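Please open the model in a viewer and keep the sequence panel visible. The tour below proposes a series of selections and describes what may be found at each.

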Amino acid sequence: AQPTREERVPREKGVVVLAIDTSLSMQATDIAPTRLEAAIDGATDFVDELPDGIEVGLVSFDSEARLLVSPTTDHGSVQAAIGTLSTHARTATGEGVYTSLDAIQTALADETTVDGKDVPAAIVLLSDGVETVGRPVTSATQAAVDAKVPISTIAYGTATGTVTIEGETVGVPADTQTMSRVADATGGTYFEATSAGQLRDVYADIQTTI
């Protein structure tokens, strides 16, 4: 007899959306060579280590949020998109969460359960600054709570990081308080990363929860 679809579903089934801050503060060099380049390397390795059955999506957010790759088991396409990330003005953290939730909802629309349980889904949110535009992250957090989607957050960058914008040096510390609140409210895990090595360790920890 042919196996049923449920029997063919791998146990390591799930949906994860990476939401990565691409605001101008990601140009800061307090994490070498830049925050963005280190984030690209860390996220690429993270996707590479995920089980084949996990669907991965990619969202970037700055002045707006963009779904760059819908959740897919083609991890190579996600890694390729991560490598194209570039920075733009402003930080729409709430929009990044909303876009991630929409992508998860679409991905799960046709999914069956695994071992009688709903297919798990999660968001991994990396941000290095304060929200400046878009719907507030507080309302996006509540939307994630309502959808029962945990958000593991990474407050990224050192307290002394700076960028130069139009000739002016601007401090760009991570918003640790907001990232901590988002994780706590949604049942995710909060992390801080102030170096490329710490970021790799954080992603490794997140993999174990997924």
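**A charge over a ring**

Begin by selecting Arg135 and Tyr98: Arg135 lies over the face of Tyr98, at 3.9 Å from the ring centre. Please bear in mind throughout that this is a predicted model. While side chains are displayed, the aromatic rings may also be considered; the count of aromatic pairs comes to one.

**The sheet**

Next, display the strands as a cartoon. In what order do the six strands of the open sheet lie? The order is S3-S2-S1-S4-S5-S8, and the pairing is mixed. Colour strand S3 (65–72) and strand S8 (190–193) to mark the edges, where each strand pairs on one side only. On average, neighbouring strands of this sheet are turned by 15° against each other, with direction ignored.

**From one edge to the other**

Select S2 and S3 at one end of the order. These strands run antiparallel and are joined by five bridges. A hairpin of three residues connects S2 to S3. To view one bridge in particular, select Val56 together with its partner in S3, Thr72.

Then move to the other end and select S5 (residues 151–156) with S8. Do these two strands run parallel or antiparallel? S5 and S8 run parallel, and four bridges join them. Here, Thr153 has Tyr190 of S8 as its bridge partner.

**Helices on the sheet**

Add helix H2 (residues 35–49) to the selection. Helix H2 packs on the sheet and touches strand S1 (14–21), strand S2 (54–61), strand S4 (121–127) and S5. The direction of H2 makes about 175° with that of S1.

Now select helix H7 (residues 196–209). Helix H7 lies across S1, S4, S5 and S8, and runs at about 160° to S8.

**The largest pocket**

Finally, turn to the largest pocket, which has a volume of about 340 Å³. Which residues of its lining are the closest to its centre? Select Pro120, Ala121, Ala122, Thr209 and Ile210, which hold that position among the 23 lining residues.

To relate the pocket to the elements already visited, display S1, S4 and H7, each of which supplies at least two residues of the lining. Which element gives the most to this lining? The answer is S4, with four residues. The tour may end with S4 highlighted, as this strand is touched by H2, is crossed by H7 and contributes to the lining of the largest pocket.

Note on methods: Residues numbered from 1 in each chain as written. Predicted model: local features only at pLDDT ≥ 70, side-chain atom pairs only at ≥ 80, totals over all residues. Heavy atoms only, no water. Pairing = 2+ DSSP bridges. Axes fitted to C-alpha atoms, helices over the stretch in contact; angles between N-to-C directions. Contact = heavy atoms within 4.5 Å. Phe/Tyr/Trp six-rings, centres within 6.5 Å; stacked < 30°, edge-to-face > 60°. Lys NZ or Arg CZ within 6 Å of the ring centre and 35° of its normal. 1 Å grid on protein atoms, 1.4 Å probe; cavity = no way out; pocket = protein on both sides within 12 Å on 5 of 7 lines; lining within 4 Å. Points joined across faces, edges and corners; volume = space filled by probe spheres on them.
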